[in-house]
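Visitor: Hi! I'm new to this one and would like a quick tour of its pockets. Could you show it to me?

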Amino acid sequence: MSTATTTPGVQTPTRTASGKPRHLYEVDVLRILTFACVIGVHTTSHTIATDDVPLNALLGLLHFTRLVFFSLTAFVLVYSWSLRPRPLAQFWPRRFLLVGVPYLAWSSVYVVASWLISPSTRGDVPALVTTYAQGIVTGTSWYHLYFLLVTMQVYLLLPVIVWLVRVTRRHHVAVLVVTFLLQLAVFAAYKYWPHSIDWLHGYQKQFFFSYVFFIVSGAVAADHADAFLRFIRVHRRAVLWAFAGTGGLTLGVWWLQVGLGQSLYAAGTPLQPVQVLWSTAVFVGFLAIGAAWADRRRAGSALARVVDYGSDRSFGIFLSHPFMIWVLLYGDSWLEAVVPKPWLTLVTYVLVLVLSVAVTEAFRWTPLSVPLTGRPSRARRVRRRTLAGCVAAGR
């Protein structure tokens, strides 16, 4: 798809000197930073005091995660498609295997766990089946699973997204402006005129059209990946200053809304107009940070291995971390009894991160790796490599 051209013997942001596609290590950093902030959102939401001004302000800033996530999803999908177009009969089964199966599996984990610990529903099998079915359809089995529901909508719409990017290639600026204004209008309705969306019955975050600018902008950026990533490198300092300035603007809007009578939490909700600016700045800013890393990366170094590991495990960590929060804070939590606020937020974050990494790593070595981490089992991969090595050696 991309209209970028390469000069033989010259490395570009997306191509090696030999002309082969380059792994985008900057995207790995973007993915890690975004998922790290997702854990920050959820741990902070569960541990924050309602009158804690600094943490509520931080939470308002961290609410960019879902929007950056969908820009990242569209960027990776369209970029990968441009490199290796596949028949939809091959693309959809693989994508839905690695996202749809974990969606079904973790929905069952959270629904069954809730069912077992609730005295009012435990033993009521029809209630379990009904709750599970409703959760699958609406993405409400647990509070983070709508991410996967929207992601699968983007997968289904990929042919339309690719078609739109192609037919509007000479008008991408106009497309971005229109979708940007549309996104502002949608978020303004969600935030300031909530009765206008009563027809959505509270499910606005479960639909792809709630994130139209982020999906389209990610796709357009992928179509111009080489020029886009080159721009970020050339103008890194300006990008990071814009990132910081937009963060200051977002905090200013938060303070203004608190001053106008909104609660500390309500002033920082994610589906509001200022988040269109802030989340866009975060997406580009995180990529600039990732590009700085990619340009200095030394293959095989300890830090490179850590980043590669984090990127590979990030999805599994995302899937499991709310369960770790639940375990740590359920009922009369020992953790809450021992650690005072606001330190509870930091301690919970660290424990959730450690436990989620450990659980994800354990799952990766079992036959349940695909349903529980969205990645193939490492044990199976090791067996294949061992077998291939034996065959090559003639044993």
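Guide: Happy to; we can go through the pockets one at a time, keeping in mind that this is a predicted model.

Visitor: How much space lies in the largest pocket?

Guide: The largest pocket holds about 1400 Å³ of space.

Visitor: And how many residues line the largest pocket, and which lie nearest its centre?

Guide: Its lining has 39 residues, and those nearest the centre are R31, V76, S80, R95 and R375. Two or more lining residues come from each of helix 1 (25-47), helix 3 (65-83), helix 4 (88-117), helix 6 (146-167) and helix 12 (302-329).

Visitor: Which helix gives the largest share of that lining?

Guide: That would be helix 3, with 10 residues.

Visitor: What about the lining of the largest pocket by class?

Guide: You'll find 20 nonpolar, 12 charged and 7 polar residues there.

Visitor: Let's switch. What volume does the second largest pocket have?

Guide: The second largest pocket comes to about 450 Å³. It is lined by 19 residues, with L176, S217, A221, F228 and V284 closest to its centre.

Visitor: Which helices supply at least two residues of the lining there?

Guide: Look at helix 7 (172-192), helix 8 (212-223), helix 9 (225-234) and helix 11 (274-296). The largest share is from helix 11, which brings 6 residues to the lining of the second largest pocket.

Visitor: And how many charged residues are in that lining?

Guide: None: the lining of the second largest pocket is made of 13 nonpolar and 6 polar residues.

Note on methods: Residues are numbered from 1 along each chain as its sequence is written. This is a predicted model: local features need pLDDT of at least 70, side-chain atom pairs count only at pLDDT 80 or more; totals for chains, interfaces and linings use all residues. Side-chain values use heavy atoms; hydrogens and water are left out. On a 1 Å grid over the protein atoms alone, a cavity is a set of points where a 1.4 Å probe fits but cannot get out, and a pocket is an open set with protein on both sides within 12 Å along at least five of seven lines; lining residues have an atom within 4 Å of a point. Grid points are joined across faces, edges and corners, and a volume is the space filled by probe spheres set on the points. Helices (H or I, at least four residues) and strands (E, at least two) are DSSP runs, numbered from the N terminus. Ala, Val, Leu, Ile, Met, Phe, Trp, Tyr, Cys and Pro count as nonpolar, Asp, Glu, Lys and Arg as charged, and the others, Gly among them, as polar.
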